[in-house]
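Please open the structure in your viewer and keep the sequence panel beside it. The stops below are meant to be selected in turn, each with a short account of what is to be found there.

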Amino acid sequence: MKHQEIKDLIEKIKYQDRKAIANAITLVESKKEEDRKIAELLINQLSSIDKKSIRIAISGPPGAGKSTFIEALGSEILKENRNIAVLAIDPTSTITGGSILGDKTRMEKLSRNENVFIRPSPSGMNLGGVNRSTRESMIILESAGFDTILIETVGVGQAETEAFEMTDIFLVLLNPGAGDELQGIKRGIIELSDILVVNKSDGNLEASSRSTVLDYKNALKLLKPRIKNWRVPVLSCSALEEKGIDLCWETINQLIQHLRETGQLITNREQQKELWLVKATKEKFLEQIENDVEFQNELEIIKETLSDKDKSVKTEASNIIERFLNKLRRHK
Ligand SMILES: Nc1nc2c(ncn2[C@@H]2O[C@H](COP(=O)(O)OP(=O)(O)O)[C@@H](O)[C@H]2O)c(=O)[nH]1
Ligand SMILES: [Mg+2]
């Protein structure tokens, strides 16, 4: 791709040309070295564009109703003349297959709206790759004028931290019935939350939902909110019946206002950028190693002779790195 073509692509992105946006996202998701170079040029030029977006993570265990919630919340957000982009980081989707399809059908109304752009995470990508490409996709979408970025992410393992590190607000959606969740794996995700929502507050789950709200309120008393002067609210809603969604959106707005007024929106993003620099540096270094044929050959030889040697793996690793660095110095 030539410089002029990149320029054209950027112009099209700014005019919210959907095909151009999709192409640009495919580019940042690509693992090919040549695509990576173009993607870097593209992102560098887009990053300088002024943005007034908000970034919200919608996290929670599989089946809590995140996609259904985004569909309902989306209708609420669209009343305010906003443009929504939905990105999904779902490591389970690669395992269960059909889940991406499920998400799209659960966001049927949204996916048909011209002010909405939905992008499921690419299957088969490792989490690190998803992290980088999600962040870069976000930059593309914000440059295209999408001012509300929703990131759907499963509250398991690394995915939640990844989403946490690239959003302004971390909303956690949970099922009614807190009991075991409070002790187990869900505890970590509750600690991260800025807004907690108990979903499925409908039908015969309504009573259970009410007591779950109280349980979480109690549990949260012991935790320190990450946002200064903000007490984490616990809300309930029914995404399916679209009940309580307006209050969720109102609460999100209150938090945005709070973040803006106290300057935390900017400081938080600056911290995230610093974190990102560290990650990008590591990733770049790894890329260099992986693309170095000589280095890879050497690694293969060492692998074969490893069992003969009396050395520890760590010593061997240090030696390999040392030789790689020496080679770089020689080439300077
Ligand atoms: N009763 C009830 N079911 C819901 C609600 N929201 C979602 N569900 C159901 O929960 C299941 C999982 O929903 P989904 O949005 O795909 O969850 P996700 O995995 O968190 O994205 C689906 O069968 C939904 O219909 C709700 O508010 N009430
Ligand atoms: Mg989903």
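What is the mean pLDDT of the protein chain, and what percentage of its residues reach 70 or more? This is a predicted model, and if you colour the chain by confidence you will be looking at a mean pLDDT of 85, with 86% of the residues at 70 or more. Select residues 94-99 next, where the pLDDT is below 50, and where the model shows five contacts beyond near neighbours in sequence.

**The sheet**

Now display the strands alone, and follow an open sheet of seven strands in the order 3-2-4-1-5-6-7, with parallel pairing. Its edges are strand 3 (116-119) and strand 7 (234-236), each of which pairs on one side only. Looking along the sheet, you can follow a twist that averages 20° from one strand to the next. As background for this view, the strands of a sheet pair through backbone hydrogen bonds, in either a parallel or an antiparallel manner.

**Strand 4 and its neighbours**

Select residues 148-154, which make up strand 4, and show their side chains: seven of the seven residues are buried, so that the strand is mostly covered. Thr-148, Leu-150, Glu-152 and Val-154 point one way, while Ile-149, Ile-151 and Thr-153 point the other way, and all of them are buried.

Add strand 2 (residues 84-89), which pairs with strand 4 in the parallel sense over six bridges; to locate one of the partners, centre on Leu-87, whose bridge partner in strand 4 is Ile-151. Then add strand 1 (residues 54-60), which runs parallel to strand 4 and is joined to it by seven bridges. Here Ile-54 has Thr-148 as its bridge partner in strand 4, and Ile-56 stands opposite Leu-150 of that strand.

**Strand 1 and strand 5**

Is strand 1 enclosed or open to its surroundings? Seven of its seven residues are buried, so strand 1 is largely enclosed by the rest of the structure. Both of its faces are covered, with Ile-54, Ile-56, Ile-58 and Gly-60 buried on one side, and Arg-55, Ala-57 and Ser-59 buried on the other. Strand 1 also pairs in the parallel sense with strand 5 (residues 169-174), over four bridges, and a convenient point to centre on is Ser-59, whose bridge partner in strand 5 is Val-172.

With these strands still shown, add helix 13 (residues 245-261), which lies across strand 1, strand 5, strand 6 (195-198) and strand 7, and which runs at about 175° to strand 6.

**The surroundings of ligand 1**

Select ligand 1 and the shell of 16 residues that surround it, of which the closest are Gly-65, Lys-66, Ser-67, Thr-68 and Leu-240. Helix 4 (66-78) and helix 6 (99-106) are the elements that give two or more residues to this shell, and the largest share, three residues, comes from helix 4. If you colour the shell by residue class, you should find four nonpolar, eight polar and four charged residues.

**A last stop at Lys-221**

Finally, centre on Lys-221, which is found in helix 12 (residues 206-221). Why does Lys-221 count as exposed? It does so because Lys-221 has 9 C-beta neighbours inside 10 Å, where the cut-off for an exposed residue is 12 or fewer. If you draw a distance from its C-alpha atom to that of Val-232, eleven residues apart along the chain, the separation is 9.2 Å.

Key. Residues numbered from 1 in each chain as written. Chains lettered and ligands numbered in written order. Predicted model: local features only at pLDDT ≥ 70, side-chain atom pairs only at ≥ 80, totals over all residues. pLDDT = per-residue confidence, 0-100. Contact = placed C-beta atoms within 7 Å. Near = placed C-beta within 6 Å. Nonpolar A, V, L, I, M, F, W, Y, C, P; charged D, E, K, R; others polar. Buried ≥ 20, exposed ≤ 12 C-beta atoms within 10 Å, placed from the backbone. Pairing = 2+ DSSP bridges. Axes fitted to C-alpha atoms, helices over the stretch in contact; angles between N-to-C directions.
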